Amino acid sequence: MVGLVIGLSRMALEFAHPTPRCGVPDRRPSLVKDLHYLHFATLLFLLTAVVVAGISLLTKPPTESQVKFVTWWTLRAEEPLPPKHSNPKSRPEDGFSSTENDDLPESLPQSCFGSGKTCTPCIMKAGTPPGKPPGDKTESRFWARICCANALLLICVNVFFYAYFA
């Protein structure tokens, strides 16, 4: 938010004080007149990095449950599946079983795909595909690979645009 406010302030100054025509004295503020916008972007990046690092160091670290499946280091975290009830009437409709300790977060089932043991939390599907039991919310390998291929494609497109327009 700090970077956004400062960047928008600089942009507002650029629009409020356009570059004068030839032969007209330049009376713009020195922040606009003397500091090139790419140099300003570098300074804004450094300022934002300092603010992010400062806030990170001044606040308490998040709990393990808050960062589970959010960082690269916690993607491989194994979480046990909930135990199954022997009585089908006591089992909730979504396939999860409830325990006596409801203060703990519910665990998500996982699907493992690829050559490694990379596990991702499952996404609830709107309908159950044929051949899968009701309540099975595992990802198919096909869609997991499609998502990974799309992510790589978007990264390549972003790197291209960054290199082309920089």
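Start with the whole chain and show its surface. The accessible surface comes to about 13,900 Å², and 67% of that area belongs to carbon and sulfur atoms. Keep in mind throughout that this is a predicted model.

Stay with the whole chain and colour by burial. Of the 166 residues, 13% are buried. Now switch to a cartoon view. The chain has five helices and two strands, and from start to end they follow the pattern α-α-α-α-β-β-α. If your viewer can draw contacts, consider the pairs of residues at least 6 apart in sequence: 39% of these contacts join residues at least 24 apart.

**Stop 1: the salt bridge within helix α1**

How many salt bridges does a search of the whole structure find? The search finds two, and the tour visits both.

Select R10 and E14 and show their side chains. These residues form a salt bridge, with the closest N and O atoms 2.8 Å apart. Both lie in helix α1, four residues apart, which is about one turn of the helix.

Next, compare how far each partner is covered. Is R10 buried or exposed? R10 counts as buried because its relative accessibility is 6%, and the cut-off for buried is under 20%. E14 has a relative accessibility of 30%, so E14 counts as partly exposed.

**Stop 2: R28 and its surroundings**

Move along the chain to R28. Where is this residue found? R28 sits in the loop between α1 (2–16) and α2 (30–33). Its relative accessibility is 14%, so R28 counts as buried.

Select D26 as well. The side chains of R28 and D26 meet in a salt bridge, at 2.9 Å from N to O. The pair is also listed as a polar contact between side chains, at 2.9 Å. D26 has a relative accessible area of 29%, so D26 is partly exposed.

Now add T19. A polar contact of 3.5 Å joins the side chain of T19 to that of R28. To complete the view, select the other residues that R28 touches. Leaving aside residues up to four places away in sequence, R28 touches H17, P18, T19, P20 and K33.

**Stop 3: the nonpolar patch**

Go to helix α5, which covers residues 141–165. Turn the surface back on and select L153, V157, F160, F161, Y164 and F165. Together these residues form a nonpolar patch on the surface, with about 680 Å² of accessible area.

Pick out F165, which lies in helix α5. Is F165 buried or exposed? F165 is exposed, because its relative accessible area is 63% and exposed means over 50%. Y164 also counts as exposed, at 57% relative accessibility.

**Stop 4: the aromatic rings**

Hide the surface and show the side chains as sticks. The structure holds five aromatic pairs. One of them is F160 with Y164: their ring centres are 5.7 Å apart and their planes are at 20 degrees, so this pair is stacked. The cut-off behind that label is planes under 30 degrees apart. F160 and Y164 both lie in helix α5, four residues apart, about one turn of the helix.

Finally, select F161 and F165 along with this pair. Which residues do ring pairs link into a cluster? The cluster is made of F160, F161, Y164 and F165. These four residues are also among the members of the nonpolar patch from the previous stop.

Note on methods: Residues numbered from 1 in each chain as written. Predicted model: local features only at pLDDT ≥ 70, side-chain atom pairs only at ≥ 80, totals over all residues. Heavy atoms only, no water. Buried < 20%, exposed > 50% of the residue type's maximum accessible area, 1.4 Å probe, protein only. Contact = heavy atoms within 4.5 Å. Areas by Shrake-Rupley, 256 points an atom, 1.4 Å probe, with all protein chains shown as cover. Polar contact = N/O pair within 3.5 Å; in protein donor to acceptor, adjacent residues only side chain to side chain. Patch = residues over 30% accessible without salt bridge, like charges linked within 9 Å, V, L, I, M, F, W, Y side chains within 5 Å. Phe/Tyr/Trp six-rings, centres within 6.5 Å; stacked < 30°, edge-to-face > 60°.
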